[in-house]
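Student: I should like to work through the labels attached to this model. Could we examine, case by case, how each label follows from its value?

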Amino acid sequence: MESTPFAETSYDSIMMLAQVLTNTKSTKPEVLQKEFNNTSNFKGITGNLGFTEKDHITITAEQITLVKYDAASKSWIEVKD
């Protein structure tokens with residue numbers, strides 16, 4: 001059976017968390033947050049992933065089309081950054 005995008009990103013999330021826990025040898029939220037913010041070029045199955053203090057999203061608008069439902073026009077509208 002083929003994997004789903006949700007399974008793949010979940011796998012990458014758990015593997016990145018394992019790396020962060022190994023690097024910090026801590027479970028304190030502030031320690032983990034600092035290490036996540038310093039994680040870049042994590043080689044996941046969905047590609048190279050990383051975070052910064054200001055960027056906590058791994059999938060960007062360039063990689064996926066974001067939409068919202070407009071009740072007035074009863075249609076889906078692309079969300080621009």
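Student: Why is Asn 41 called exposed?

Tutor: This is a predicted model, and its computed relative accessibility for Asn 41 is 54%. Exposed means over 50%, so Asn 41, at 54%, counts as exposed. Asn 41 is found in the loop between H2 and S1.

Student: What makes the phi of Asn 41 worth a remark?

Tutor: Its phi is near 55°, a positive value in a residue other than glycine. Most residues other than glycine have a negative phi. Lys 74 is also not a glycine and has a positive phi of about 55°.

Student: Where does Lys 74 lie, and why is Lys 74 called exposed?

Tutor: Lys 74 lies in the loop between S3 and S4. Its relative accessible area is 66%; the cut-off for exposed is over 50%, so the label applies to Lys 74.

Student: How do you know that S3 and S4 pair?

Tutor: Two strands pair if at least two bridges are found between them. S3 and strand S4 (residues 75-78) have four bridges, in the antiparallel sense, so the criterion is met. Among the bridge partners, Asp 70 is matched with Ser 75 in S4, and Val 67 with Glu 78 in S4. S3 and S4 form a hairpin with four residues between them, and Lys 74 is in the turn.

Student: How many aromatic pairs are there by the rule used here?

Tutor: The count comes to two. Phe 36 and Phe 51 form an aromatic pair, with 5.9 Å centre to centre and 90° between the planes.

Student: What makes the pair of Phe 36 and Phe 51 edge-to-face?

Tutor: Ring centres must lie within 6.5 Å, and planes over 60 degrees apart count as edge-to-face. The centres of Phe 36 and Phe 51 are 5.9 Å apart and the planes stand at 90°, so both conditions hold. Phe 36 lies in helix H2 (residues 29-37) and Phe 51 in the loop between S2 and strand S3 (67-70), so the pair ties together parts that are 15 residues apart in sequence.

Student: Why do Phe 36 and Phe 51 carry the labels they do for accessibility?

Tutor: Phe 51 has a relative accessible area of 16%, and buried means under 20%, so Phe 51 is buried. Phe 36 has 22%; partly exposed covers the range between 20% and 50%, so Phe 36 is partly exposed.

Student: What makes Tyr 69 and Trp 76 an edge-to-face pair?

Tutor: Their ring centres are 5.2 Å apart, with 65° between the planes. The distance is within 6.5 Å and the angle is over 60 degrees, so the pair is edge-to-face. Tyr 69 is partly exposed at 44% relative accessibility, whereas Trp 76 counts as exposed at 61%.

Student: Why is Asn 37 called buried, and what does Asn 37 touch?

Tutor: Asn 37 has a relative accessible area of 15%, and the limit for buried is under 20%, so Asn 37 is buried. Asn 37 is found in helix H2. Leaving aside neighbours within four places in sequence, Asn 37 is in contact with Phe 51, Thr 52, Glu 53 and His 56.

Student: Is Glu 35 buried, exposed or partly exposed, and which residues does Glu 35 touch?

Tutor: Glu 35, found in helix H2, has a relative accessibility of 22%. This value falls between 20% and 50%, so Glu 35 counts as partly exposed. Not counting residues up to four places away in sequence, Glu 35 touches Val 20, Asn 23 and Thr 24. Glu 35 and Gln 19 are 16 residues apart in sequence and 9.6 Å apart in space, C-alpha to C-alpha.

Student: Why is Leu 21 called partly exposed?

Tutor: Leu 21 has a relative accessibility of 31%, which lies between 20% and 50%, so the label partly exposed applies. Its place is in helix H1 (residues 5-24). Beyond neighbours within four places in sequence, Leu 21 is in contact with Ser 26, Thr 27 and Leu 32.

Student: Why is Ile 45 called exposed, and which surface patch includes Ile 45?

Tutor: At 53% relative accessibility, Ile 45 passes the cut-off of over 50%, so Ile 45 counts as exposed. Ile 45 is found in the loop between strand S1 (42-44) and strand S2 (47-49). With Tyr 11, Ile 14 and Met 15, Ile 45 forms a nonpolar patch on the surface, with about 410 Å² of accessible area together.

Conventions:
Residues are numbered from 1 along each chain as its sequence is written. This is a predicted model: local features need pLDDT of at least 70, side-chain atom pairs count only at pLDDT 80 or more; totals for chains, interfaces and linings use all residues. Side-chain values use heavy atoms; hydrogens and water are left out. Patches are made of residues with over 30% relative accessible area and no salt bridge: like charges are joined within 9 Å, nonpolar side chains (Val, Leu, Ile, Met, Phe, Trp, Tyr) within 5 Å. Accessible areas come from the Shrake-Rupley method with a 1.4 Å probe; for residues, only the protein chains shown count as cover. A salt bridge is a side-chain nitrogen of Lys or Arg within 4 Å of a carboxyl oxygen of Asp or Glu. Helices (H or I, at least four residues) and strands (E, at least two) are DSSP runs, numbered from the N terminus. Buried means under 20% relative accessible area, exposed over 50%, partly exposed in between (1.4 Å probe, protein chains only). Rings of Phe, Tyr and Trp (its six-membered ring) pair if their centres lie within 6.5 Å; planes under 30 degrees apart count as stacked, over 60 as edge-to-face and the rest as tilted. Contact means heavy atoms within 4.5 Å.
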